[in-house]
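Got your viewer open? Load the model below, show it as a cartoon, and keep the selection box handy.

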Amino acid sequence: MQGIPVASVVIGIASSPAERRHLARLLGGSDAFLIVSNVDQARVFLGVVEAPPATTPPTRAMVAEATPIAQPPPPDLAVDSDRRVLRWRDQEIDLTRLEHDVLLCLVHAPGQVWTYERLHLEVWGNRHLGRGSDMHSVIRRVRGKLARLNAAATIHSVRGVGFRLAPV
């Protein structure tokens, strides 16, 4: 081992983007650091956990049975990403970044159930942790905005699974 420099790496775990930014500022003086969203990501990086076993892809019959028939979003419902607004016919309402991102997922796959974990990964950038009160709060606000516009769509909860956009 003589002549080989010994370096250390600091691994930080923080679930939210704000916590990860704060941790990056704290670790900025370290030679090397890695910040991950959860312990599982750290384990994968370190090679402690084997990759999950490959599952056989579901057959078409299984997919058709488990997935509701995709419905197009109501034709007058649109999410304007440039201006971050929800448009229903001739009315618009502003959206926060989280509301926009959640609604964008649901609008692009109406009728499809988005699991809590998948939505959390897509919108917050990490795996779903905890009770999901952050997600439920955003969903409640988006439902309210859809109702204020009298849109022909709402967000339905699929108990214990996630959410889907559905006609009223």
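The tour goes from two sheets and their helices to a core, a short helix and a salt-bridge network.

Before you click, note that this is a predicted model, in which local features need pLDDT of at least 70 and side-chain atom pairs count only at pLDDT 80 or more, while totals for chains, interfaces and linings use all residues. Residues are numbered from 1 along each chain as its sequence is written, and side-chain values use heavy atoms, with hydrogens and water left out.

**Stop 1: the β3-β4-β5 sheet**

Select residues 77-80 for β3 and 85-88 for β4, then add 91-94 for β5. (Helices, H or I with at least four residues, and strands, E with at least two, are DSSP runs numbered from the N terminus.) You're looking at an open sheet of 3 strands in the order β3-β4-β5, with antiparallel pairing; two strands count as paired if DSSP finds at least two bridges between them. β3 and β5 are the edges: each has a single partner strand, so one side of each has no neighbour in the sheet. Direction ignored, neighbouring strands here are turned by 20 degrees against each other on average. (Axes are lines fitted to C-alpha atoms, for helices over the stretch in contact, and angles run from 0 to 180 degrees between N-to-C directions.)

Zoom in on the β3/β4 pair, which is antiparallel over 4 bridges. Pick Val79 and you'll find its bridge partner in β4, Leu86.

Now bring in the helices. α4 packs on this sheet and touches β3, β4 and β5, its direction making about 135 degrees with that of β3. α6 also packs on the sheet, touching β3, β4 and β5, at about 160 degrees to the direction of β5. Contact here means heavy atoms within 4.5 Å.

**Stop 2: the β6-β8-β7 sheet**

Next, select 114-115, 153-158 and 162-167, which are β6, β7 and β8. Here 3 strands make an open antiparallel sheet in the order β6-β8-β7. The edge strands are β6 and β7, each pairing on one side only. β6 and β8 pair in the antiparallel sense over 2 bridges, and if you click Thr115, its bridge partner in β8 is Gly162.

Keep α4 on screen, as it packs on this sheet too: α4 touches β6, β7 and β8, with its direction at about 60 degrees to that of β8. α6 lies across β7 and β8, running at about 150 degrees to β7.

**Stop 3: the core**

Switch to side chains. Which residues of the largest nonpolar core touch the most other members? Leu77, Leu86 and Ile155 do, out of 28 residues in that core. (A nonpolar core is a set of buried Ala, Val, Leu, Ile, Met, Phe, Trp, Tyr and Cys residues joined through side-chain atoms within 4.5 Å.) β3, β4, α4, α5, α6, β7 and β8 each supply at least two residues of this core.

Centre on Leu77: setting aside neighbours within four places in sequence, its contacts include Leu86, Trp88, Val107, Leu146 and Leu165.

Then hop to Val102 in helix α4. Val102 is buried at 0% relative accessible area (buried is under 20%, exposed over 50%, partly exposed in between, with a 1.4 Å probe and protein chains only). Beyond its neighbours within four places, Val102 contacts Leu119, Val123, Trp124, Val138 and Ile139.

**Stop 4: helix α5**

Two of those contacts lead the way. Select 116-123 for α5, whose buried residues are Tyr116, Leu119, His120 and Val123. They sit on the same side of α5 because they cover an arc of only 100 degrees around the axis, judged by the directions from the helix axis to the C-beta atoms. Their cover includes α4, β6, α6, β7 and β8. Just after α5, check Gly125, with a positive phi of about 80 degrees.

**Stop 5: the salt bridges**

Last selection: Asp80, Arg83, Arg87 and Glu92, joined into one network by salt bridges that share partners. (A salt bridge is a side-chain nitrogen of Lys or Arg within 4 Å of a carboxyl oxygen of Asp or Glu.) Asp80 meets Arg83 at 3.6 Å, N to O, and Arg87 at 3.1 Å; Glu92 also bridges to Arg87, with closest N and O atoms 3.1 Å apart.

Is Asp80 buried or exposed? Asp80 is buried at 15%, whereas Arg83 is partly exposed at 46%, Arg87 at 26% and Glu92 at 36%. Across the whole structure, a search finds 8 salt bridges.
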